[in-house]
Amino acid sequence: MTGSAAHAAQAAQSVLQPATATADSIFEIGVVLTIGAALIFLGVMTLLALSLRRRPPSRRPSRASERLWIVGGGVVFPVLVLSALMVYASVRTSGLTTRADLADGLVIAVTARLWWWEVRYRDPASGKDVVLANEMRIPVGRPLTLALDSADVIHSFWVPELAGKIDMVPGRLHHLHLEARQPGVHRGQCAEYCGEQHARMALHVVALAPEEFDAWLAAQAAPAAAPPDDLAQRGREAFLHERCNACHTIRGVSEESDLGPDLTHVGSRLFIGAGTLPTHRGTLGGWIADTQGIKPGARMPSFDRLDGQTLNALATYLDHLK
Ligand code: CUA
């Protein structure tokens with residue numbers, strides 16, 4: 001398996017495996033709520049069983065004691081328990097989504113799009129933006145802030161091993177703070193129905209050792225690789241000739257539009273189509289020819305009129321953009 005394929009295969013998505021302090025606190029709240037709810041359920045069922053026992057009329061409870069049970073168990077108890085839980089959960093999650101001082105620390109901007117995730121880094125060397133899609137790499141042991149907004153849709157950002165759910169709403173900026181503890185691949189997905197491609201809205205987060213992360217970001221900041229052979233060169237020409245650049249940017253080739261995902265290093269990503277297919281030449285070609293068959297409703301039309309040679313050249317070129 002290549003590095004990317006191995007990464008893709010490792011990707012896990014489980015609320016039971018928190019990998020950051022942020023996810024730890026959510027996991028802990030979940031455990032407390034589950035155990036608490038189970039104990040209360042047991043208590044209520046025990047009382048129910050007791051109340052159903054047959055008793056002689058002389059031992060029936062008085063009106064006053066009945067009222068005490070109803071007010072005590074039906075009003076006072078839930079108000080106390082729910083208030084305590086609200087305070088506990090608020091304290092335990094305070095600070096996870098506050099607006100950070102964005103001047104220091106690593107900030108990764110994620111923008112919700114129909115139906116994909118745009119991911120944006122600021123390259124520390126050049127100060128320019130590095131734009132990716134549907135995938136994020138983060139350094140282990142460095143606190144970071146995700147700045148989440150939306151262009152044209154409401155998604156709910158959810159990578160359960162890293163953090164809780166948070167809505168991405170046009171016109172609003174939300175924040176999430178987290179710090180990865182160890183290298184790994186974490187799968188996330190949109191957690192709120194957002195239209196016909198809600199199901200194909202996965203996002204992969206790869207946590208890397210800090211030096212590996214720095215090298216990766218520097219590589220992503222570089223312009224697209226030159227085509228290594230004639231076939232890829234023909235693909236590069238087809239990219240422009242077929243006007244793929246009317247929607248997609250490949251830095252160093254064409255930067256006139258950002259309607260669709262930036263493809264500068266598309267070949268280095270684990271998946272295409274927001275987690276729909278693993279990235280390789282075959283899937284890239286299939287995607288271009290039959291976008292609407294693979295992900296109906298996606299904003300990209302199927303380029304089913306391309307001849308086989310052009311399609312092969314285009315897919316080969318894109319696959320080389322590591
Ligand atoms: Cu975005 Cu569901």
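In this predicted model, Thr145 has His177 of strand β8 as its bridge partner. This contact belongs to a wider pairing, in which strand β5 (residues 144-150) and β8 lie antiparallel and are linked by five bridges. Strand β8 itself spans residues 174-178, and five of its five residues are buried, so the strand is largely enclosed by the rest of the structure. The cover extends to both faces of β8. On one side, His174, Leu176 and Leu178 are buried, and on the other side His175 and His177 are buried as well. His177 is thus both the bridge partner of Thr145 and one of the buried residues of β8.

A second antiparallel pairing joins strand β2 (residues 116-122) to strand β3 (residues 129-133), again through five bridges. Within this pairing, Glu118 is matched with Ala133 of β3. The two strands form a hairpin with six residues between them, and in this hairpin Gly127 adopts a positive phi near 75°. Strand β3 is mostly covered, with four of its five residues buried. Val130 is a residue of β3. Its relative accessibility is 1%, and because a residue is classed as buried under 20%, Val130 falls in the buried class. Val130 and Gln309 are 179 residues apart along the chain, and their C-alpha atoms are separated by 31 Å.

The helices provide further features. Helix α3 comprises 31 residues, from 63 to 93. The distance from its first C-alpha to its last is 44 Å, which is close to the 45 Å expected at 1.5 Å a residue. The helix nevertheless contains a kink of about 35°, centred on Gly72. Another glycine, Gly95, is located just after α3 and has a positive phi of about 90°.

A nonpolar patch is present on the surface. The patch is formed by Val15, Leu16, Phe27, Val31, Ile35, Leu39 and Leu42, which together have about 660 Å² of accessible area. Leu42 belongs to helix α2, which covers residues 21-51. The relative accessible area of Leu42 is 53%, and because the exposed class begins over 50%, Leu42 is described as exposed. Leu42 in α2 is therefore exposed, whereas Val130 in β3 is buried.

Key: Residues are numbered from 1 along each chain as its sequence is written. This is a predicted model: local features need pLDDT of at least 70, side-chain atom pairs count only at pLDDT 80 or more; totals for chains, interfaces and linings use all residues. Side-chain values use heavy atoms; hydrogens and water are left out. The expected span of a helix is 1.5 Å times one less than its number of residues. The bend at a residue is the angle between axes fitted to the seven residues ending there and the seven starting there. Patches are made of residues with over 30% relative accessible area and no salt bridge: like charges are joined within 9 Å, nonpolar side chains (Val, Leu, Ile, Met, Phe, Trp, Tyr) within 5 Å. Accessible areas come from the Shrake-Rupley method with a 1.4 Å probe; for residues, only the protein chains shown count as cover. A salt bridge is a side-chain nitrogen of Lys or Arg within 4 Å of a carboxyl oxygen of Asp or Glu. Buried means under 20% relative accessible area, exposed over 50%, partly exposed in between (1.4 Å probe, protein chains only). Two strands pair if DSSP finds at least two bridges between them.
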